[in-house]
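User: Please take a close look at one buried part of this structure and what surrounds it. I am new to it, so work outward step by step and keep it brisk.

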Amino acid sequence: MSDIDLRHIGRFVLLILFQGLILIEAALFDGLAIPFVYVFILLKLPIDINRIFLLILCFLTGVTMDLFYNTFGLHAAACVLMGFVRPGILNLIRPRDGYDTGQDISISSFGFNWFFTFSFSLIFIHHLYLFLLEFFSFSQFPYTLLKVLLSSIYTFILVFLIHLIFSRKS
(Lines give C-alpha, C1' and ligand atoms only; values in the text may rest on other atoms or scores of the structure.)
Protein backbone atom coordinates (compact mmCIF):
# COMPACT_ATOMS: atom_id res chain seq x y z
CA MET A 1 0.00 0.00 0.00
CA SER A 2 1.49 3.32 -1.00
CA ASP A 3 1.80 6.51 1.05
CA ILE A 4 -0.92 8.14 -1.04
CA ASP A 5 -3.34 5.35 -0.15
CA LEU A 6 -2.55 5.73 3.55
CA ARG A 7 -3.00 9.51 3.38
CA HIS A 8 -6.42 9.12 1.77
CA ILE A 9 -7.51 6.51 4.31
CA GLY A 10 -6.27 8.67 7.19
CA ARG A 11 -8.00 11.73 5.75
CA PHE A 12 -11.20 9.71 5.34
CA VAL A 13 -11.24 8.53 8.95
CA LEU A 14 -10.32 11.93 10.43
CA LEU A 15 -12.76 13.96 8.37
CA ILE A 16 -15.66 11.54 8.77
CA LEU A 17 -15.20 11.57 12.54
CA PHE A 18 -14.71 15.36 12.60
CA GLN A 19 -17.85 15.86 10.52
CA GLY A 20 -19.98 13.28 12.28
CA LEU A 21 -19.01 14.08 15.85
CA ILE A 22 -18.15 17.80 15.89
CA LEU A 23 -19.42 19.64 12.82
CA ILE A 24 -22.86 18.05 13.03
CA GLU A 25 -23.63 20.84 15.54
CA ALA A 26 -21.74 23.66 13.75
CA ALA A 27 -24.58 25.27 11.79
CA LEU A 28 -24.60 29.07 11.60
CA PHE A 29 -27.36 31.63 11.04
CA ASP A 30 -30.10 29.46 12.53
CA GLY A 31 -29.31 26.52 10.24
CA LEU A 32 -28.78 28.48 7.02
CA ALA A 33 -25.07 27.66 6.82
CA ILE A 34 -24.15 24.04 7.43
CA PRO A 35 -20.57 22.87 6.80
CA PHE A 36 -19.98 19.54 5.09
CA VAL A 37 -16.18 19.34 5.09
CA TYR A 38 -16.23 15.61 4.44
CA VAL A 39 -16.42 16.53 0.73
CA PHE A 40 -12.71 17.38 1.05
CA ILE A 41 -12.12 13.62 0.96
CA LEU A 42 -13.59 13.49 -2.53
CA LEU A 43 -11.92 16.69 -3.69
CA LYS A 44 -8.45 15.38 -2.82
CA LEU A 45 -8.73 12.06 -4.66
CA PRO A 46 -6.21 11.65 -7.49
CA ILE A 47 -7.05 13.30 -10.80
CA ASP A 48 -6.57 10.07 -12.77
CA ILE A 49 -8.66 7.84 -10.47
CA ASN A 50 -10.76 5.18 -12.19
CA ARG A 51 -14.31 6.56 -12.63
CA ILE A 52 -16.05 3.45 -11.33
CA PHE A 53 -13.80 3.39 -8.26
CA LEU A 54 -14.45 7.14 -7.80
CA LEU A 55 -18.21 6.59 -7.80
CA ILE A 56 -17.89 3.70 -5.34
CA LEU A 57 -15.79 5.85 -2.99
CA CYS A 58 -18.29 8.69 -3.32
CA PHE A 59 -21.15 6.36 -2.48
CA LEU A 60 -19.35 4.89 0.54
CA THR A 61 -18.47 8.36 1.82
CA GLY A 62 -22.05 9.52 1.43
CA VAL A 63 -23.53 6.43 3.07
CA THR A 64 -21.17 6.88 6.02
CA MET A 65 -22.41 10.46 6.44
CA ASP A 66 -26.01 9.30 6.09
CA LEU A 67 -25.44 7.07 9.11
CA PHE A 68 -24.33 10.07 11.19
CA TYR A 69 -27.07 12.41 9.93
CA ASN A 70 -29.82 9.77 9.68
CA THR A 71 -30.70 11.03 6.17
CA PHE A 72 -31.45 7.77 4.35
CA GLY A 73 -29.33 8.27 1.23
CA LEU A 74 -29.34 12.05 0.73
CA HIS A 75 -25.59 12.40 1.29
CA ALA A 76 -24.91 9.28 -0.78
CA ALA A 77 -26.88 10.70 -3.71
CA ALA A 78 -25.18 14.10 -3.48
CA CYS A 79 -21.72 12.52 -3.25
CA VAL A 80 -22.35 10.23 -6.22
CA LEU A 81 -23.48 13.25 -8.27
CA MET A 82 -20.33 15.06 -7.17
CA GLY A 83 -18.23 12.08 -8.29
CA PHE A 84 -20.11 11.91 -11.58
CA VAL A 85 -19.50 15.58 -12.52
CA ARG A 86 -15.93 15.74 -11.11
CA PRO A 87 -14.19 14.47 -14.30
CA GLY A 88 -16.15 16.97 -16.41
CA ILE A 89 -15.16 19.87 -14.19
CA LEU A 90 -11.55 18.71 -14.26
CA ASN A 91 -11.73 18.72 -18.08
CA LEU A 92 -13.29 22.19 -18.15
CA ILE A 93 -10.54 23.73 -16.03
CA ARG A 94 -7.64 21.67 -17.39
CA PRO A 95 -4.34 23.58 -17.50
CA ARG A 96 -2.88 24.26 -20.92
CA ASP A 97 -0.28 21.50 -20.47
CA GLY A 98 -2.83 19.05 -19.06
CA TYR A 99 -2.52 17.03 -15.90
CA ASP A 100 0.44 14.86 -14.92
CA THR A 101 -0.22 11.26 -13.94
CA GLY A 102 -0.72 11.01 -10.19
CA GLN A 103 -0.70 14.78 -9.75
CA ASP A 104 -2.02 15.92 -6.40
CA ILE A 105 -4.92 18.35 -6.24
CA SER A 106 -3.55 21.27 -4.28
CA ILE A 107 -3.10 25.01 -4.32
CA SER A 108 0.65 24.59 -4.68
CA SER A 109 0.18 22.47 -7.83
CA PHE A 110 -2.44 24.57 -9.64
CA GLY A 111 -2.80 27.90 -7.83
CA PHE A 112 -5.61 29.34 -5.74
CA ASN A 113 -7.89 30.34 -8.65
CA TRP A 114 -7.88 26.82 -10.07
CA PHE A 115 -8.38 25.28 -6.61
CA PHE A 116 -11.23 27.69 -5.84
CA THR A 117 -12.99 27.02 -9.16
CA PHE A 118 -12.63 23.26 -8.80
CA SER A 119 -13.57 23.05 -5.13
CA PHE A 120 -16.35 25.62 -5.03
CA SER A 121 -17.99 24.20 -8.17
CA LEU A 122 -18.15 20.70 -6.73
CA ILE A 123 -19.15 21.91 -3.27
CA PHE A 124 -21.95 24.02 -4.75
CA ILE A 125 -23.25 21.12 -6.89
CA HIS A 126 -23.13 18.78 -3.89
CA HIS A 127 -24.97 21.23 -1.63
CA LEU A 128 -27.54 22.20 -4.27
CA TYR A 129 -28.50 18.58 -4.90
CA LEU A 130 -28.43 17.70 -1.19
CA PHE A 131 -30.71 20.57 -0.15
CA LEU A 132 -33.06 20.16 -3.13
CA LEU A 133 -33.48 16.51 -2.17
CA GLU A 134 -33.94 17.48 1.46
CA PHE A 135 -36.74 19.98 0.77
CA PHE A 136 -38.03 18.03 -2.27
CA SER A 137 -39.94 21.12 -3.38
CA PHE A 138 -39.36 24.23 -5.43
CA SER A 139 -41.85 26.20 -3.31
CA GLN A 140 -39.05 27.31 -0.98
CA PHE A 141 -36.49 27.75 -3.75
CA PRO A 142 -35.19 31.21 -2.64
CA TYR A 143 -34.65 29.89 0.90
CA THR A 144 -33.02 26.73 -0.46
CA LEU A 145 -30.74 28.72 -2.75
CA LEU A 146 -29.67 30.99 0.14
CA LYS A 147 -28.96 27.89 2.25
CA VAL A 148 -26.95 26.35 -0.59
CA LEU A 149 -24.90 29.51 -1.11
CA LEU A 150 -24.16 30.14 2.58
CA SER A 151 -23.40 26.49 3.24
CA SER A 152 -21.12 26.33 0.18
CA ILE A 153 -19.18 29.40 1.32
CA TYR A 154 -18.91 28.07 4.89
CA THR A 155 -17.80 24.66 3.63
CA PHE A 156 -15.25 26.14 1.22
CA ILE A 157 -13.68 28.29 3.96
CA LEU A 158 -13.29 25.24 6.20
CA VAL A 159 -12.05 23.08 3.30
CA PHE A 160 -9.49 25.75 2.44
CA LEU A 161 -8.27 25.89 6.06
CA ILE A 162 -8.10 22.09 6.29
CA HIS A 163 -6.22 22.01 2.98
CA LEU A 164 -3.67 24.46 4.38
CA ILE A 165 -3.27 22.34 7.53
CA PHE A 166 -2.90 19.03 5.63
CA SER A 167 -0.55 20.47 3.01
CA ARG A 168 1.90 22.00 5.47
CA LYS A 169 5.37 20.71 4.93
CA SER A 170 7.25 20.57 8.25
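Analyst: Start with Cys-79. Its relative accessibility is 0%, so Cys-79 counts as buried. The cut-off for that label is under 20%. One caution applies throughout: this is a predicted model.

Where does Cys-79 sit? Its place is in helix α4, which covers residues 74–92. What does Cys-79 touch, leaving aside its neighbours within four places in sequence? The partners are Tyr-38, Leu-42, Cys-58, Gly-62 and His-126. The C-alpha atom of Cys-79 is also 7.7 Å from that of Val-39, although the two are 40 residues apart along the chain.

Those partners point to two helix pairs. Cys-58 and Gly-62 are among the α3 residues that meet α4. His-126 is one of the α6 residues in the contact with α4. Cys-79 itself is listed on the α4 side of the contact with α3 and on the α4 side of the contact with α6.

Take α3 and α4 first. Their axes come within 7 Å and cross at roughly 150°. The crossing is right-handed. On the α3 side, the residues in contact are Arg-51, Leu-54, Leu-55, Cys-58, Phe-59, Gly-62, Val-63, Met-65, Asp-66 and Tyr-69. On the α4 side, they include Leu-74, His-75, Ala-76, Cys-79, Val-80 and Gly-83. By class, this contact has 13 nonpolar, 4 polar and 3 charged residues.

Now look at Tyr-69, which lies in α3. Tyr-69 touches His-75 of the partner helix. Beyond that, and not counting residues up to four places away in sequence, Tyr-69 touches Gln-19, Leu-23, Ile-24, Pro-35 and Phe-36. Leu-54, also on the α3 side of the contact, is 15 residues from Tyr-69 in sequence and 22 Å from it in space, C-alpha to C-alpha.

The link between these two helices holds Asn-70, in the loop between α3 and α4. Is Asn-70 buried or exposed? Asn-70 counts as exposed because its relative accessible area is 53%. Its phi is near 55°, a positive value in a residue other than glycine. Asp-30 also has phi near 55°, again positive in a residue other than glycine. Asp-30 is found in the loop between α1 and α2. With a relative accessible area of 80%, Asp-30 is exposed.

Next, the second pair. The axes of α4 and α6 come within 9 Å and cross at roughly 145°. This crossing is right-handed. The α4 residues that make the contact include Leu-74, His-75, Ala-78, Cys-79, Met-82 and Ile-89. From α6 come Trp-114, Phe-118, Ser-121, Leu-122, Ile-125, His-126, Tyr-129, Leu-130, Leu-133 and Glu-134. The residues of this contact divide into 16 nonpolar, 3 polar and 2 charged. Leu-74 and His-75 appear among the α4 residues here, and they also meet α3.

Glu-134 belongs to α6. A relative accessible area of 43% makes Glu-134 partly exposed. Glu-134 is in contact with Leu-74 and Lys-147, leaving aside its neighbours within four places in sequence. Its C-alpha atom is 9.8 Å from that of His-75, which is 59 residues away along the chain.

Ser-119 is another residue of α6, the helix of residues 112–135. Is Ser-119 buried or exposed? Ser-119 counts as buried, because its relative accessibility is 0%. Not counting residues up to four places away in sequence, Ser-119 touches Leu-43 and Phe-156.

Last, the open space. The largest pocket holds about 400 Å³. It is lined by 21 residues, and the closest to its centre are Asp-5, His-8, Ile-9, Leu-45 and Leu-57. Which elements give two or more residues to this lining? They are α1 (3–21), α2 (39–43) and α3 (51–69). The most comes from α1, with 6 residues. By class, the lining has 12 nonpolar, 4 polar and 5 charged residues. Helix α3 thus links the two parts of this tour: it lines the pocket, and its residue Cys-58 touches Cys-79.

How values were computed. Residues numbered from 1 in each chain as written. Predicted model: local features only at pLDDT ≥ 70, side-chain atom pairs only at ≥ 80, totals over all residues. Heavy atoms only, no water. Helix = DSSP H or I, 4+ residues; strand = E, 2+ residues; numbered from the N terminus. Buried < 20%, exposed > 50% of the residue type's maximum accessible area, 1.4 Å probe, protein only. Contact = heavy atoms within 4.5 Å. 1 Å grid on protein atoms, 1.4 Å probe; cavity = no way out; pocket = protein on both sides within 12 Å on 5 of 7 lines; lining within 4 Å. Points joined across faces, edges and corners; volume = space filled by probe spheres on them. Nonpolar A, V, L, I, M, F, W, Y, C, P; charged D, E, K, R; others polar. Axes fitted to C-alpha atoms, helices over the stretch in contact; angles between N-to-C directions. Left-handed = near helix turned anticlockwise from the far one by under 90°.
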